[in-house]
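Open the model in your viewer and switch to a cartoon display. The stops below go strand by strand, then step back to the whole sheet.

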Amino acid sequence: MDETTQNLASDWRVERLASTGSTNDEARRRALDGDAGRLWIIAREQTQGRGRRGRVWTSPPGNLYASALLIDPSPVAIAAQIGFVAGVALRRALDELGAGDEVRLKWPNDLVWRGAKLAGLLVEGVALGDGRLACIVGIGVNCTSAPTGLAYATDHLSNALGRAISAENLFARLAPCFVEALALWRCGAGFAAIRAQWLTHAAGLGGPIRIAGAQGSREGAFETLDEQGRLVLRGANGLEAVEAGDLFLIKEGAGG
């Protein structure tokens, strides 16, 4: 991390909570109360943690539950790109901790190891009364334990890295990496660079996948991401840009 990044990272505030319902909900409340942003909310545990589409995110002590609050980070139309920014930042942080190539980013918002889910990202927007956009980036990482009894495989970083990784140890690397990734993104102007880095670590790229969503289920090959961050699926009828859905890696047998 260079001096510029250190200075930018120091502009961020970090608030640590023993327990909260959801760090994203707490960040939302701060935004509506007029917080200026560049704020991390971290909780030792969450009592109402959630993932994408309102799914429950089990949140016992020992794992990382963090939400970053940004105010007006970009035009509303491209704010969802911040999910890829956060994914790149998280993967960079894990590089610093010695993660191998088997730790991959799974579209649109997961981190997996050998097909098992290690982390999830949840980006939410809040329209403020003055017309600005509050963007909340929730990052939940299984550091020392993983939930069981789910419809998909899960694991935790301490297994993936072969040594104990604490939530604080991970966050100490994630926070500056997020600043670096935001600077690379440049409010959307640098999305091509973020996209390229994300694809470097993409799970299932080039292989067979299944997408389940509002339009049903379809299979094909994971071709690439397009310039908007949509997954490009090569199916029986040619190329299709997929905006949303759950990705299943057919070869690895992992679910969303």
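Two strands count as paired here if DSSP finds at least two bridges between them. The model is a predicted one.

Select strand β5, residues 110–113. With strand β6, residues 116–127, β5 shares 4 bridges, and the two run antiparallel. For a single point on this pairing, pick Leu111, which stands opposite Ala119 of β6. Then move to the turn: 2 residues separate β5 and β6 in a hairpin, and Arg114 in that turn has a positive phi of about 50°.

Stay on β5 and show the side chains. In a regular strand, side chains alternate between the two faces of the sheet. Are those of β5 buried or exposed? Asp110 and Val112 on one side, and Leu111 and Trp113 on the other, are all buried, so both faces are covered, buried meaning under 20% relative accessible area.

Next select strand β4, residues 103–106. β4 also pairs with β5 in the antiparallel sense, over 4 bridges. Val103 has Trp113 of β5 as its bridge partner. The two strands form a hairpin with 3 residues between them. Show the side chains of β4: Val103 and Leu105 lie on one side, Arg104 and Lys106 on the other, and all are buried.

Now zoom out to the whole sheet. Its 7 strands are ordered β1-β2-β3-β7-β6-β5-β4, the sheet is open and the pairing is mixed. Which strands are at the edges? They are β1 (13–20) and β4, each of which pairs on one side only. From one strand to the next, the twist averages 20°.

Last, select helix α2, residues 23–32, which packs on the sheet. Helix α2 touches β1, β2 (39–46), β3 (64–71), β6 and β7 (133–141). The direction of α2 makes about 25° with that of β3.

Notes: Residues numbered from 1 in each chain as written. Predicted model: local features only at pLDDT ≥ 70, side-chain atom pairs only at ≥ 80, totals over all residues. Heavy atoms only, no water. Buried < 20%, exposed > 50% of the residue type's maximum accessible area, 1.4 Å probe, protein only. Axes fitted to C-alpha atoms, helices over the stretch in contact; angles between N-to-C directions. Contact = heavy atoms within 4.5 Å.
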